[in-house]
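Dear colleague,

I am passing on the structure we spoke of, and I would be grateful if you could look through it alongside the notes below.

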Amino acid sequence: MPVTVTVTARHCELPDQLRERAHEIASRLELRAGRPAEVGILFDVEAGVPTAELRFRAAGEELLIAAGRGDDHRSALDQAEEWVDRSIRMNRNFTNQSTKAALLEKKGDAKAAAELREKAV
């Protein structure tokens with residue numbers, strides 16, 4: 001089941017390239033989670049500053065919310081993605097460890113993946 005992505009713009013217009021970028025990030029986050037996910041991205045302008053709020057929930061997991069601010073909406077979105085990544089890395093639970101192990105495996109590091117899975121249990 002593919003990732004469900006909702007991209008919303010408030011107080012601003014979004015170019016197609018930014019919408020495509022939002023979908024790319026959503027797909028990457030789903031890959032990291034290793035399971036179907038829902039992603040909501042809200043672009044806004046607050047006090048003249050472009051913002052992006054990213055809401056990410058992998059199936060069976062808690063909702064992660066991250067926000068970014070920047071010179072443009074793309075940099076705000078990249079910042080929000082980094083916050084979600086950081087949250088996943090800091091929360092060493094079974095799901096996050098398993099996801100990291102899957103990524104290591106895809107990179108070809110089966111030994112490190114197996115060690116991480118052993119620690120996750």
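What follows describes the sheet, the helix that lies across it, one hairpin and one residue in a strand.

Please keep in mind that this is a predicted model. Its open sheet has 4 strands in the order β1-β2-β3-β4, and the pairing is mixed. The edge strands are β1 (4-9) and β4, each of which pairs on one side only, and neighbouring strands of this sheet are turned against each other by 15° on average, direction ignored. Helix α1, formed by residues 16-33, lies across β1, β2 (37-46) and β3, and runs at about 35° to β3.

Turning to the hairpin, strand β3 (residues 49-58) pairs with strand β4 (residues 64-69) in the antiparallel sense, over 6 bridges. Within this pairing, Ala52 has Gly68 in β4 as its bridge partner, while Glu53 stands opposite Ala67 of β4. There are 5 residues between the strands of the hairpin, and Gly60 takes a positive phi near 80° there.

The residue I would ask you to look at is Thr51, which lies in strand β3. Is Thr51 buried or exposed? Thr51 counts as buried, because its relative accessibility is 7% and the cut-off for buried is under 20%. Leaving aside residues up to four places away in sequence, Thr51 touches Leu42, Phe43, Asp44, Val45 and Glu46, and also Gly68, Arg69, His73 and Ala76.

With best wishes

How values were computed. Residues are numbered from 1 along each chain as its sequence is written. This is a predicted model: local features need pLDDT of at least 70, side-chain atom pairs count only at pLDDT 80 or more; totals for chains, interfaces and linings use all residues. Side-chain values use heavy atoms; hydrogens and water are left out. Two strands pair if DSSP finds at least two bridges between them. Helices (H or I, at least four residues) and strands (E, at least two) are DSSP runs, numbered from the N terminus. Buried means under 20% relative accessible area, exposed over 50%, partly exposed in between (1.4 Å probe, protein chains only). Contact means heavy atoms within 4.5 Å. Axes are lines fitted to C-alpha atoms, for helices over the stretch in contact, and angles run from 0 to 180 degrees between N-to-C directions.
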